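Trainee: I should be grateful for a close look at a single part of this model, together with whatever surrounds it. Please state each criterion where it is first used.

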Amino acid sequence: PLISIDRRVASPYADYVGSDEAAGGRMAADYLFKLGHRNIIQFTGCMDCSSMRDRAASFETRSMEHGGIIQTVISRNDQEIIEKAKLLLARKNLPTAVFCGNDHIASFIYDILTDQGLKIPDDVSVVGYGNQNLSEYLRPRLTTINQNPENIGRKAAELFLRRAAEKNTKRTAQMEELVPVT
């Protein structure tokens, strides 16, 4: 059995288990708009990754449904994210919030905003994605969407065992399991 975890692969033989990225993007947008934010920058990583693509697209769509002004910044590597963020976050017309495609990106945004003398969340709110270990070390604590990696691992193992039990049967379709985000 071939199980792709958290990233879809272009193979008719690969099953998929991952976070419900579309729900996570919508959740982040709903949270920021509920707080009153309307001018938001979204920093996202490489769009070659299906999970990043799905998350960014759903955030942007939901934000537009709320009537927000959204700028999406796509970067292929850390240095590019840092350079673009420094330029965009040094303007006089700052966004009121930033959504980061993962907590790693959020850590860069925290550093840049802090270096400019801005206070999080008083001056700019920041929301991350993934609830990675580093998020607990950021001050103030990072608001982040939790991907529930333990549940993803458990579902992947269960799917692997189910597929392994089918070894003498012909595969009929790819299986996909989406784990809810919180």
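**Helix H4 and its surroundings**

Mentor: Asn131 counts as partly exposed because its relative accessibility is 37%; on this scale, buried is under 20% relative accessible area, exposed is over 50%, and partly exposed lies in between (1.4 Å probe, protein chains only). This is a predicted model, in which local features need pLDDT of at least 70 and side-chain atom pairs count only at pLDDT 80 or more, while totals for chains, interfaces and linings use all residues. Residues are numbered from 1 along each chain as its sequence is written, and side-chain values use heavy atoms, with hydrogens and water left out.

Asn131 sits in the loop between E6 and E7; such elements are DSSP runs numbered from the N terminus, helices (H or I) having at least four residues and strands (E) at least two. Although Asn131 is not a glycine, its phi is positive, at about 55°. The loop between E6 and E7 also holds Pro140, which is joined to Arg139 by a cis peptide bond with omega of about -5°. Most residues other than glycine have a negative phi, and most peptide bonds are trans.

The two strands that flank this loop lead to the helix itself. Strand E6 (125-130) and strand E7 (143-146) are among the elements that cover the buried residues of H4, and so are strand E3 (39-44), helix H3 (78-88) and strand E5 (97-100). H4 comprises residues 103-115, 13 residues in total, and spans 18 Å from its first C-alpha to its last. That is close to the expected 18 Å, where the expectation is 1.5 Å times one less than the number of residues.

At the start of H4, a side-chain oxygen of Asn102 comes within 3.1 Å of the backbone nitrogen of His104. This pair is a polar contact, defined as N or O atoms within 3.5 Å; within protein, one must be able to donate a hydrogen and the other to accept it, and residues adjacent in sequence count only if both atoms are side-chain atoms. After H4 comes Gly117, which has a positive phi near 80°. Pro121 lies in the loop between H4 and E6, and the peptide bond from Ile120 to Pro121 is cis, with omega near 0°.

The buried residues of H4 are Asp103, Ile105, Ala106, Ser107, Phe108, Ile109, Tyr110, Ile112 and Leu113. An α-helix has 3.6 residues a turn, so residues three or four places apart point the same way.

Ile109 and Leu113 also appear in the largest nonpolar core, which has 23 residues; they are among those with the most contacts inside it, as are Phe43, Leu89, Val98, Cys100 and Val126. A nonpolar core is a set of buried Ala, Val, Leu, Ile, Met, Phe, Trp, Tyr and Cys residues joined through side-chain atoms within 4.5 Å. E3, H3, E5 and H4 each give two or more residues to this core, and H4 gives the most, with 7 residues. Another core lies apart from it, with 12 residues that include Ala28, Leu32, Tyr129 and Ile145. In soluble globular proteins, nonpolar side chains tend to be buried together.

Two residues show how this packing is arranged beside H4. Setting aside neighbours within four places in sequence, Phe43 is in contact with Ile105 and Ile109, and also with Val73, Lys84, Ala85, Leu88, Leu89, Val98, Phe99, Cys100 and Gly101; contact here means heavy atoms within 4.5 Å. Thr44 belongs to strand E3 and counts as buried because its relative accessibility is 1%. With the same sequence neighbours left aside, Thr44 is in contact with Ile105, and also with Met52, Ala56, Thr72, Val73, Ile74, Ser75 and Gly101.

Strand E7 offers a view outward from the helix. Thr182, in the segment after strand E8 (176-179), is in contact with Thr144, Ile145 and Asn146, and also with Met27 and Asn148, leaving aside neighbours within four places in sequence. Thr182 counts as exposed because its relative accessibility is 54%. Thr182 and Asp20 are 162 residues apart in sequence, yet their C-alpha atoms are 9.9 Å apart in space.
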